[in-house]
Amino acid sequence: MSRQERRVLAYAGLLVAVAATYTVAFKHGMAFFEGRELTYVESLQFVGQTFTTTGYGEYAPWTSNVMLITVVVMQLSGVFLIFLTLPLFVVPWMEERLEVEPPRSVDLEDHVVICGFGARDETLAAELDAQGVEYVVLTDDRDTALSLYEDGWQAVHGDPETERGLERVNVADARTVVLDESDERNATIALTVGDLAPDVQTVCFVEDPSLSEYLRYAGADRVLGPREILGRSLARNVTTTITSRLGDAVEIGEDFEVVEMPVQYGSDLDGATLRDTDLLEPGGVNAVGAWFAGEFVGSPGPDRELTRNTVLLVAGREDDLEAFEERTLAPTDEQGDEHVVVAGYGEVGSTVREVLDEEDIDTTVVDIEDRPGVDVVGDATEGGTLRSAGIEDATALVLALGDDTSTVFATLVAREESERVEILCRANDTESARKLYAAGADYVLSLATVAGRMLAQTILDEDVMALDKQIDVVRTEAPALVGQTLAEADVRARTGCTVVAVQRNGDVVSQPDADFRIPEGDALVVVGADADVARFNEVAGVHAGPP
């Protein structure tokens with residue numbers, strides 16, 4: 001019996017005891033002081049009328065002071081018990097009985113079990129939905145489980161550290177268990193999973209990299225440290241900006257790629273529209289989509305303006321891509337020296353510094369603490385500190401601060417100090433990205449997004465554009481579209497995805513035109529955001545897989 005139930009029973013017992021006492025007292029009081037004989041039922045009726053304030057005219061008036069005082073006491077105590085105390089005990093109990101309960105178990109197979117819940121699990125869930133993989137969240141926080149369940153998630157209320165909790169989510173038949181609790185709890189969960197389902201893959205995050213080995217000892221098959229990957233991804237974008245090399249690309253057949261291209265400040269495309277770029281014309285380089293201030297648009301309109309925080313997603317042959325990239329780069333005389341300022345020297349910032357050193361790029365590190373590797377000691381939210389680091393002549397500024405509020409303010413200060421510098425930011429929460437773009441950032445990378453993408457790659461072995469972008473490249477047959485032309489299928493309008501190539505008998509037909517008819521056995525190469533890929537799978541009547 002729960003504590004709340006015990007309180008309700010105690011209250012009910014008190015109410016019955018008081019009512020019984022008043023019934024007896026009123027019966028004998030009326031006989032002794034008023035000379036009127038009443039039955040116990042009539043006395044109980046009077047007590048009920050008093051407690052509920054419904055009136056009792058047939059028994060009034062009273063001639064003795066004792067009965068008048070008795071009735072007043074009954075009235076006051078009745079109001080207290082019914083109208084003041086009742087809501088404290090009975091109403092919460094009734095609400096608990098009527099409230100929807102999260103499931104106590106699920107019956108799934110070949111699913112993913114997520115122990116705990118955080119922002120990175122939302123990214124993972126989007127990936128799993130896109131690939132048609134079932135999953136369930138197991139958490140000992142009832143409110144979290146209930147909220148997820150009401151939002152349409154598969155969620156179970158249970159303790160992931162116990163065998164009973166893991167059995168509720170059928171861990172023995174799972175494909176992967178994701179551990180997303182504290183490092184200490186993750187170790188306990190890994191040991192429990194090892195006892196119940198030793199053949200099931202266990203993947204966990206580690207907040208403190210020094211504890212990675214202990215988690216492996218506990219039985220974790222993969223231990224992921226997203227902060228290092230985040231730092232490398234930030235550094236990758238810096239080197240792309242400085243060296244003018246094509247960014248990460250997904251190769252589709254021989255000499256045909258899908259690649260990201262950031263639009264730099266002062267470039268030919270800065271301020272232009274998609275109509276001005278020829279990216280919407282057949283042949284050459286074609287736009288698959290674009291990120292505008294961090295938001296991916298799968299089929300942007302021709303009048304959409306390109307700005308410094310736009311990242312184009314384009315497809316084409318390597319020579320055409322390299323030629324087109326020149327239009328996205330700032331003029332050489334505006335690019336300045338290859339000098340990068342890194343603000344924040346934690347795990348992310350030190351990784352950025354390490355990668356840039358490998359590329360022989362001049363780097364100045366700013367941190368609030370004086371320690372080895374720090375070149376300028378000071379607060380990155382102060383303009384004087386950034387000027388001391390040389391932001392006025394820097395090509396890029398990487399804000400690897402641990403606090404999103406500080407990062408937003410540092411972005412405002414940095415943009416005031418230099419209109420030209422490329423500002424790349426690390427964000428802890430995905431909600432902070434919009435604020436950072438509004439503050440003047442050119443590129444924002446969310447720790448939660450990177451972590452979720454790392455999980456997706458580990459679990460699904462899928463091909464993605466990059467860990468920081470929720471874009472998938474899938475190669476799949478589409479039985480529901482067989483016999484239709486691409487124009488008739490209208491994949492982009494119906495799903496938001498773009499068909500960039502068709503694979504037939506080992507050969508790749510790149511950039512098929514609208515009259516291309518889809519025969520049976522052909523595999524479409526489709527690019528799109530996670531949710532768009534999920535819609536494509538439904539429209540095409542298939543379960544998509546990685547290319």
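**Charged and aromatic contacts in the predicted model**

Glutamate 251 is located in strand β7, which spans residues 249–251. The structure described here is a predicted model. In this model the side chain environment of glutamate 251 is open: the residue has a relative accessible area of 61% and is therefore classed as exposed, the threshold being over 50%. Glutamate 251 belongs to a patch of negative charge on the surface, together with Asp255, Glu318, Asp319, Asp320, Glu322 and Glu326. Helix α11 (residues 318–325) supplies four residues, the largest share of this patch.

Salt bridges were searched for across the whole structure, and 18 were found. One of them joins arginine 185 to aspartate 159, with 3.1 Å between the closest N and O atoms. This pair connects distant parts of the chain, the two residues being 26 residues apart. Arginine 185 lies in helix α7 (residues 183–196), whereas aspartate 159 lies in the loop between β3 (155–157) and α6 (163–168). The partners fall into separate classes of accessibility: arginine 185 is buried, with a relative accessible area of 18%, and aspartate 159 is partly exposed, at 27%.

Arginine 185 also takes part in a salt bridge with glutamate 181, at an N to O distance of 3.5 Å. Glutamate 181 has a relative accessibility of 19% and counts as buried, because the cut-off for that class is under 20%. Both contacts of arginine 185, with aspartate 159 and with glutamate 181, involve members of a network of salt bridges. The residues linked in this network are Asp140, Asp159, Glu161, Glu181 and Arg185.

A further salt bridge is formed by arginine 353 and aspartate 357, whose closest N and O atoms are 3.4 Å apart. Both residues lie in helix α13 (residues 347–358), and their spacing of four residues corresponds to about one turn of the helix. Arginine 353 counts as buried, with a relative accessibility of 16%. Aspartate 357, in contrast, is partly exposed, with a relative accessible area of 40%.

Aromatic contacts were examined next. The count of aromatic pairs comes to four. Among them, phenylalanine 32 and phenylalanine 33 form an edge-to-face pair, with 4.9 Å from centre to centre and 85° between the planes. Phenylalanine 32 is exposed, at a relative accessible area of 68%, while phenylalanine 33 counts as partly exposed, at 36%.

Phenylalanine 117 and tryptophan 153 form another pair, with ring centres 5.1 Å apart. The planes of these two rings stand at 85°, so this pair is edge-to-face as well. Phenylalanine 117 is placed in the loop between β1 (112–115) and α4 (119–131), and tryptophan 153 in the loop between α5 (142–150) and β3. The pair therefore ties together parts of the chain that are 36 residues apart in sequence. Phenylalanine 117 counts as partly exposed, with a relative accessibility of 28%, whereas tryptophan 153 is buried, with a relative accessible area of 17%. Ring pairs also bring in Tyr135, which is linked with Phe117 and Trp153 into a cluster.

Methods. Residues numbered from 1 in each chain as written. Predicted model: local features only at pLDDT ≥ 70, side-chain atom pairs only at ≥ 80, totals over all residues. Heavy atoms only, no water. Patch = residues over 30% accessible without salt bridge, like charges linked within 9 Å, V, L, I, M, F, W, Y side chains within 5 Å. Areas by Shrake-Rupley, 256 points an atom, 1.4 Å probe, with all protein chains shown as cover. Salt bridge = Lys/Arg side-chain N within 4 Å of Asp/Glu carboxyl O. Lys, Arg positive; Asp, Glu negative; His and termini not counted. Charge placed at Lys NZ, Arg CZ, Asp CG, Glu CD. Buried < 20%, exposed > 50% of the residue type's maximum accessible area, 1.4 Å probe, protein only. Phe/Tyr/Trp six-rings, centres within 6.5 Å; stacked < 30°, edge-to-face > 60°.
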